Structure formats: C-alpha cells, structure tokens
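Biologist: Before I take this one to the bench, could you walk me through the terms people use for it? I'd like to hear the reasoning behind each label.

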Amino acid sequence: MQSITFIIPDLLPSPAAITENDLPDCQTLVRLLARADRKTCSRDYYQLLFDLFGMNIADDADQPIAPLGYFAESGAGTEYCLRADPVHLSASGEGVVLLDNFMIGLQAQEAGDIAVDLQPYLDEVGGRLYTPHPGRWYITFAEPPRIQTTPLPQVLGRDVSTALPAGPDRTRWRQLFNELQMVLHTSAVNEKREKRGMLAVNSLWFWGLGTLPPKGHAEFDACFSDDPFVRGLAVLHDIPAAPLPVSAAELREQAGAAEHILVSDDRARQYQSYGDAPGWLGYVMALESDWLQPLDSALRRGRLNRLELSTGGMMFSYRRRHQWRLWRRESLLHLHNH
C-alpha cells in the first residue's frame, strides 16, 4: 500500500501579516496536521533531504547542492560545480537586498545572451557557465575554488552584505563578484529590460559548491519535484524522478505501483521570502483542494497507508486511524509552535 512523504519548506508559520480571519477554508490541512503523530526534523530544507536519503554531509563546507542539481539537469556528473544564479541586488534601508528570478522573470534567450558576455571572466577562474533554466545557472570546474557560500534561499529578500563568499579564496571571488556586476551593468539584455520597466540581472549569487556525494540509503521508489536538487538525489540513488504533478490525482496516476513516494514542493518559500501574503493564501487553498482533500479521501478508503508532511522543522505523520483523534483541534496559525 502506498505512502507519501510530502516536503513543503516554509509552509508554516504563516506570513506575519496573516490573521485568523484571513485564513481560507483549509479544514483538511488543519485536521491532518493537528491529529498526526509528530517528530522534529531539520528546519534546513537541504539537510532534511540529505537526512531522508541517509547521507552524511560534512558541516565544515558547502552542502553539495549545485552538483546534484547539475546532475539532474545536464544528465552528467562533474568534478566540481557551483550554483551562480542570476539575481537583482537593490539598495534599501535594510542594506543590499537580493531578489531572485521569481521577481526578475528572466527568459531563456536572455539568459543565454548574458552567459556569452560573462564567460570570458569565468575563464579566468577556470569555470564554465551552464544555463539550463533562466533562474538556475551553474559553473563547473576542474579544480574547485576554496570558498564557503550562503545558500540563496537564506538571503532571498534580505541584506546580503554579511553573506558573501568566505574562505581562503574569498578575495578573488569577491573581486569576481564585482567584475561581473560591471559587465552586467552594460549588458544589452539589461538595457532592453530596463526600457521595458523590468528588473535587470545585476549580479550572480554563488552557492552550493561541491562534487557528487556518496550514495546513502533511501527507502523511496518514486520522486516528484520541480527542484533539480531533489531529482538529482533521486537519480543518484537510481530512483525514478519527475517534475511535480499539478494534483494528487495526477501524482497517483504517474506513480503507478510505487509504494513510497517522495514529493517536494518548494513554492511556498518565495511567498514567505518576499512577504507575499496573498500568494501564500492562494498556495494554501490550492494545496487544500488539489492535494490534501484527495489524499485524505484515499486514506479514508484505505488506498493510502500513510501521509507524511514536513514543514517548519516538524514531520507530521498521518494514518487512517488518526481520524478518530477528535480531541485534537488546533489553529493553522499555532500548529508550528507544537
């Protein structure tokens, strides 16, 4: 019988602007979380995934996020790989704030044209730029830079001044950071975008350096996510991986006979990072109607054995028998505190 592990980083807590009166009718979500068994897990999305795949990652270096994503998107491994995502840095009263492609809206042709302009400067550090997606870029190396970086999700919508590359090669890489900004300032792509009133790509954010890590031990036999890092973990462990379906019905159809399904959906993260309360509310409504209500129905009919949902450093595990925990009633706004 099937079980599903659903990873939704930053679903909870709700944005600060949300009040009890703002919440949509999400009775299924509240009931499942209130009545489920609970245990703590890593609040760090990437560490949680490494834990679920039974992988030991050294804590004195970057988490190898880039090589796993590159593996999924290119179909090839590489000696060393670094994410170099296009971003917009904006000076504000809170410092230099970073916006990613969720806000920029860069297109594939624009990304390719910018990459041509930047490549000569990356040649100087032995790197090759690869742009498989407008918002996800990679640099591959034969020899790695000696830097430690900060994951982009940790700086979305925040001041980046204390999060620039550290480590023995930090001076050269901070210099490169500035050089690329000067190239982007004169980019024809950016000139056209600004004339259309669109945000320019005025910097790259370096993060997730490493090589493909050794395999761990995973109990999943199907994986669905739009995040290439997650799909890379699955492919590394010989687990079939596919993009996130639009609904639970499509998920179960695509999963076929798979018994333990991993689903990772990181869309709530952008709404939280940018304080987009309406976006978060819309996401919760779609999660309720398109995913949780059908999965709850499958649990009640005995077609699904277990639904796990992880968010906010908690793993909620719900089985059919938990529906009778009628005394457990909580508010969505308070669940993350338990």
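**Reading the labels**

Biologist: Why is D25 called exposed rather than buried?

Modeller: The relative accessibility of D25 is 58%. The cut-off for exposed is over 50%, so D25 counts as exposed. Keep in mind that this is a predicted model.

Biologist: Where does D25 sit?

Modeller: D25 is in the loop between β1 (2–7) and α1 (27–35). Its C-alpha atom is 8.4 Å from that of E288, and those two residues are 263 apart along the chain.

Biologist: Okay, zooming out. What makes the protein chain as compact as a globular protein of its length?

Modeller: First the parts list: the protein chain has eleven helices and twelve strands. Its radius of gyration is 21 Å, and the globule rule gives 20 Å for 338 residues; the two are close, so the chain is as compact as a globular protein of that length. Along the principal axes, the C-alpha atoms fill a box of roughly 65 × 45 × 35 Å.

Biologist: How much of the protein chain is buried?

Modeller: Buried residues are 55% of the 338, where buried means under 20% relative accessible area. As for the outside, the accessible surface comes to about 15,200 Å², with 48% of that belonging to carbon and sulfur atoms.

Biologist: And what share of the contacts joins residues at least 24 apart?

Modeller: That share is 73%, counted among contacts between residues at least 6 apart in sequence.

Biologist: How many charged side chains are there, positive and negative?

Modeller: There are 32 positive and 42 negative side chains, and the centres of the two sets lie 7 Å apart.

Biologist: Let's pick a helix. What makes α3 "mostly covered"?

Modeller: Of the ten residues in α3 (residues 65–74), eight are buried. Those are I65, A66, P67, L68, G69, Y70, F71 and E73.

Biologist: What covers the buried residues of α3?

Modeller: The cover includes two helices, α2 (45–52) and α8 (228–236), along with strands β3 (80–92), β5 (127–133), β6 (136–141) and β7 (203–210). Right after α3 comes G75, with a positive phi near 80°.

Biologist: Now the sheet. Why are β2 and β9 said to stand at the edges?

Modeller: Seven strands form an open sheet in the order β2-β12-β11-β1-β10-β8-β9, with mixed pairing. β2 (37–40) and β9 (241–242) each have a single partner strand, so each has one side without a neighbour in the sheet.

Biologist: How do you know that β2 pairs with β12?

Modeller: Pairing takes at least two bridges, and four bridges join β2 to β12 (residues 314–319), running antiparallel. In that pair, D37 stands opposite S317.

Biologist: Which strands pair with β1 in the parallel sense?

Modeller: β11 (residues 304–311) pairs with β1 in the parallel sense over six bridges, and I4 stands opposite L307 there. β10 (residues 260–264) also pairs in the parallel sense with β1, over five bridges; in that pair, I7 stands opposite S264.

Biologist: Last one: how do you know that both faces of β1 are covered?

Modeller: Check each side. Q2, I4 and F6 on one side are buried, and S3, T5 and I7 on the other are buried as well. That matches the count for β1, with six of its six residues buried.

Definitions and conventions: Residues are numbered from 1 along each chain as its sequence is written. This is a predicted model: local features need pLDDT of at least 70, side-chain atom pairs count only at pLDDT 80 or more; totals for chains, interfaces and linings use all residues. Side-chain values use heavy atoms; hydrogens and water are left out. The radius of gyration is taken over C-alpha atoms; the globule rule is 2.2 Å times the number of residues to the power 0.38. Buried means under 20% relative accessible area, exposed over 50%, partly exposed in between (1.4 Å probe, protein chains only). Contact means heavy atoms within 4.5 Å. Accessible areas come from the Shrake-Rupley method with a 1.4 Å probe; for residues, only the protein chains shown count as cover. Lys and Arg count as positive and Asp and Glu as negative; His and the chain ends are not counted. The place of a charge is taken as NZ of Lys, CZ of Arg, CG of Asp or CD of Glu.
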